[in-house]
Amino acid sequence: MADSPQPINLFEFEDAAREVLPKAEYDYIAGGATDEISVDRNRRAYASWAFRPRVLRDVSKLDLSTTVLGSKVALPVLIAPCGGHKRAHPDGELATYRAAASCGTAMAVSANANTSFEDLAKAADGMLWVQLYPFRDKAMTQDWLDRAQANGYKAIIVTLDSQWPPKRERNIRNRYQRTRGANYPVGGEHPDAPRPAGSGAGSDPAATWKDLEWIKAATRLPVVAKGIMTGEDVELCAQVGADGVIVSNHGGRHLDNTLATVEVLSEAVAAAKGKMEVYLDGGIRRGADVVKAIALGAKAVFIGRPLFWGLAVGGEQGVVRVLNLLREEIEITMAKCGRPTIASIDASAIVRVPPL
Ligand SMILES: Cc1cc2nc3c(=O)[nH]c(=O)nc-3n(C[C@H](O)[C@H](O)[C@H](O)COP(=O)(O)O)c2cc1C
């Protein structure tokens, strides 16, 4: 990074990361399922909304802080659960967590993290959530829930869109091999491979809403369902007592040909009826995207791939820079829309773009 100019936005971060990452790692991170239609749509759909700028509304002091499940964060951008941060930097999750903590935001730790839940909890004084799947192995699930609670984690994310493995053609071409996460029992099965009947540690293809209900009953921590793309599934989440949902298509990495997450956000918010917090991830690359998602009812958003671009380019400081770039862009957008606080960003801040 020393002799090349600092990236000034998240796209330039991706370009710089592509220069330093092995091709197969870059492809694993950047890629998606089959034709990558959903990867592309997640990104482009933000252009379907435009801002309605407002003037003379005293924007001399901007407050980007908000709460997630009752805990304060300094900005409405959280770190999505993503496996294997060491693929982008040797400090891996430790660097990402320190960056998130120093920027005052939360990090969700993936089921496939390269670092143990315990080591991460000791690395900084920030906010951690943990992500798991509806595992067939209930004893391991209970163990993870207990470890999360004992180590001060604040919430559980259950990823529900990964019960069947996707077809990712870049990885097939590159013969890409994933490493297993540090938190699984040694000798256990691969986390998200489909498996025949029998016991195992993977995301269970036979899981149903009863399994989410089971997880909710097995922990005192709030439970957030991730990978929700329809109002019907939001309603079912509410019925089993989930505390939040993440509108997500896994960054287009599982089922291709879905709508963009931002396109289904309103449907999800309407179905939540104010009973659960609704978050969004997928394609967030600009502060403007964050403000649009909040205007459409998201409580906060998560970023996935950009954390790897930050790590690859500059380790902890690279992730700090990624978060700060988003913060600066959110500030500009809020100021120019006359919205000095996150709570003041409502549906009237945006309008659906009519066809030209
Ligand atoms: C390299 C990589 C690994 C990921 N691993 C996980 C994971 O282990 N669990 C999970 O729930 N989501 C995982 N995701 C999905 C993210 O949590 C998130 O849904 C997605 O990246 C958001 O889209 P974005 O990358 O466009 O920001 C992963 C994403 C990437 C890019």
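**From the ligand site to strand S9**

In this predicted model, a polar side-chain atom of serine 110 is placed 2.7 Å from an oxygen atom of the ligand. Threonine 159 likewise has a polar side-chain atom that lies 2.7 Å from a ligand oxygen atom, while glycine 83 contributes through its backbone, one of its polar atoms there being 3.0 Å from a nitrogen atom of the ligand. Taken alone, the ligand would expose 600 Å², and the protein buries 98% of that area. There are 24 residues around the ligand, of which Pro81, Ser110, Thr159, Asp281 and Arg285 come nearest.

One of these residues, Asp281, also belongs to strand S10, which spans residues 277–281, and from there the reader can move to the neighbouring strands. S10 pairs with S9 in the parallel sense over four bridges, and within this pairing valine 245 has valine 278 of S10 as its bridge partner. The two strands, together with helix H10 (residues 261–272), make a right-handed β-α-β unit.

Strand S9 also pairs with S8 (residues 223–228), again in the parallel sense and over four bridges, with lysine 226 having isoleucine 246 of S9 as its bridge partner. Between S8 and S9 the chain passes through helix H9 (residues 231–239), and this β-α-β crossover is right-handed.

How are the two faces of S9, residues 244–247, placed, buried or exposed? Both are covered, since Gly244 and Ile246 on one side are buried, as are Val245 and Val247 on the other.

Key:
Residues numbered from 1 in each chain as written. Predicted model: local features only at pLDDT ≥ 70, side-chain atom pairs only at ≥ 80, totals over all residues. Heavy atoms only, no water. Buried < 20%, exposed > 50% of the residue type's maximum accessible area, 1.4 Å probe, protein only. Pairing = 2+ DSSP bridges. Right-handed = clockwise from strand over helix to strand, strands pointing away. Near = heavy atom within 4 Å. Polar contact = N/O pair within 3.5 Å; in protein donor to acceptor, adjacent residues only side chain to side chain. Areas by Shrake-Rupley, 256 points an atom, 1.4 Å probe, with all protein chains shown as cover.
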